[in-house]
Amino acid sequence: MEKILITGGRVVTATDDWTGDVLVDGGKVAALGVKLEVEDARRIDASGKLVIPGGIDVHTHLDMPFGGSTSADDFESGTIAAAHGGTTSIIDFAIQYKGQTLRQGWEAWMQKAQGKATIDYGFHLIITDLPEALEPEMDSLVGEGVTSFKLFMAYRGVLMLDDGSIFRALLRTGENGGTVCMHAENGDVIDVLVRRALAAGHTAPKFHALTRPARAEAEATYRAICLAEMANVPLYFVHLSAAEALEKVTEARNRGLPVYAETCPQYLFLSYDNYEEPGFEGAKYVMSPPLRPKGNENHLWRGLAFDDLHAVSTDHCPFCMKEQKELGLGDFSKIPNGAPGIETRMSLLYDGGVRTGKISVNRFVELTSTSPAKIFGLFPKKGTIAPGTDADLVVFDPEREITLSAKTLHHRVDYTPYEGRRVKGAPDVVLSRGEVVVENGVANLRAGRGNFLKRSPR
Ligand code: URP
Ligand code: ZN
Ligand code: ZN
């Protein structure tokens with residue numbers, strides 16, 4: 001493997017910010033310094049650029065059957081898109097279906113990823129059925145590096161768990177060092193609202209949002225916090241969208257509880273207004289939780305800046321408009337839930353967060369890489385730049401302006417929610433374990449080169 005010397009860049013981690021050189025050797029960061037003298041190394045000039053740890057996206061759904069369809073990116077196309085956007089590790093969601101063991105769920109997703117993933121990948125396991133006899137399997141999965149479990153408080157009959165099962169899962173992760181990732185929405189309330197809306201003839205995409213109130217997210221968030229408090233265990237909320245839910249997280253944290261949460265770019269840059277786009281266009285934004293009214297995003301930015309939100313992940317769950325979202329023409333409840341975003345996260349957050357002064361450049365690194373690495377047992381192998389860490393690095397040009405468009409993005413989806421948006425700040429060169437995998441928009445990614453990430457427990 002060739003030695004690489006990245007020279008003269010502004011090296012930014014969650015805590016540091018200095019200008020100098022990064023030497024990469026054997027897939028690892030070998031040395032940091034100013035004007036390092038190294039022979040026999042390929043040189044990459046990073047002057048005027050940032051050198052940051054590769055992005056870690058801890059919320060993706062590749063090749064996932066959901067809502068009568070399967071997400072449009074598999075582990076090859078999805079990870080290629082991720083790498084183009086400056087993300088070098090993902091944690092995807094495997095699903096244990098009712099009647100299956102937990103291990104069967106994990107193994108099925110390993111089959112999907114192996115031979116396809118082009119960057120490193122780990123798994124959370126979605127538990128949809130937890131008879132007591134399966135609880136010991138949670139311990140063995142934690143021991144094998146699947147250290148987090150996603151539980152749903154919505155989608156009754158499909159993914160939702162009852163409070164008793166949720167409480168037992170929380171108790172178990174309290175003992176085995178795992179982490180519960182919670183999808184917090186009151187599913188039963190939503191189901192009533194959906195049935196009533198359809199009965200009243202309200203079938204358009206916007207009714208997806210109108211039947212999933214912010215209070216249903218806040219109620220479930222608070223209920224989950226209470227369950228975790230009684231189980232005496234940390235808790236992580238996925239895709240937090242509503243200010244009302246964030247308030248519950250902030251309250252809990254102010255009481256000293258170990259409660260963590262992520263939000264996603266769609267909740268920072270889009271709003272309910274998108275559902276009002278003409279015709280069936282609103283289907284592009286059908287995701288759960290839904291986009292919230294304009295102004296809500298200000299609360300999320302504040303949460304990101306003041307550490308009540310701890311990560312920005314994508315919830316990349318892409319469905320094409322053609323043939324997939326179209327399943328819900330005439331019935332919004334049949335539109336597959338989810339939207340693409342795996343490639344656009346870093347540029348959107350840099351442009352909308354750092355350039356506007358809402359978050360510092362260190363915080364940008366922390367939210368996109370370091371903090372998810374710490375929360376999910378990847379740090380310090382991933383998530384920072386220091387001697388001995390994996391050389392997952394991005395030479396990021398803070399001045400390069402790009403226009404986001406489905407035509408130029410690499411995901412296998414026929415739209416992006418950000419079509420036509422101009423953003424400043426984009427990756428020039430991306431390294432994964434010391435290999436240059438993307439350079440000036442050109443990828444050098446082999447299917448199957450990604451490694452499974454065996455993560456450490458808390
Ligand atoms: O709408 C969404 N978020 N789709 C993916 C599944 C989930 O709940 O994360
Ligand atoms: Zn979810
Ligand atoms: Zn998701």
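**Exercise 1. Find which backbone atom contacts a nitrogen atom of ligand 1, and list further polar contacts.**

Solution. Step 1: set the cut-off. A polar contact is a pair of N or O atoms within 3.5 Å; within protein, one must be able to donate a hydrogen and the other to accept it, and residues adjacent in sequence count only if both atoms are side-chain atoms.
Step 2: take the nitrogen. In this predicted model, a backbone N or O atom of Asn337 is 3.1 Å from a nitrogen atom of ligand 1.
Step 3: take oxygen. Gly338 places a backbone N or O atom 3.4 Å from an oxygen atom of the ligand. The side chain of His59 has an N or O atom 3.4 Å from an oxygen atom of ligand 1.
Step 4: check burial. Alone, ligand 1 exposes 260 Å², and the protein buries 99% of that (Shrake-Rupley areas, 1.4 Å probe).

Ground rules: residues are numbered from 1 along each chain as its sequence is written, and chains are lettered from A and ligands numbered from 1 in the order in which they are written. The model is predicted, so local features need pLDDT of at least 70, side-chain atom pairs count only at pLDDT 80 or more, totals for chains, interfaces and linings use all residues, and side-chain values use heavy atoms, with hydrogens and water left out.

**Exercise 2. Describe the shell around ligand 1.**

Solution. Step 1: count the neighbours. Ligand 1 is surrounded by 13 residues (a heavy atom within 4 Å).
Step 2: name the closest. They are His61, Lys150, His183, Ser288 and Asp315.
Step 3: sort the shell. It holds 4 nonpolar, 7 polar and 2 charged residues. Here Ala, Val, Leu, Ile, Met, Phe, Trp, Tyr, Cys and Pro are nonpolar, Asp, Glu, Lys and Arg charged, and the others, Gly among them, polar.

**Exercise 3. Classify the ring pair Tyr350 and Phe364.**

Solution. Step 1: apply the rule. Rings of Phe, Tyr and Trp (its six-membered ring) pair if their centres lie within 6.5 Å; planes under 30 degrees apart are stacked, over 60 edge-to-face, the rest tilted. The count is 16 aromatic pairs.
Step 2: read the geometry. The centres of Tyr350 and Phe364 are 5.4 Å apart and the planes stand at 75 degrees, so the pair is edge-to-face.
Step 3: place the rings. Tyr350 belongs to helix H11 (residues 345-354) and Phe364 to helix H12 (residues 361-375), 14 residues apart. Helices (H or I, at least four residues) and strands (E, at least two) are DSSP runs, numbered from the N terminus.

**Exercise 4. Locate the cis peptide bond from Ser288 to Pro289.**

Solution. Step 1: read omega. It is near -5 degrees.
Step 2: place Pro289. It is in the loop between helix H9 (265-269) and helix H10 (296-305).
Step 3: link back. Ser288 is among the residues closest to ligand 1.
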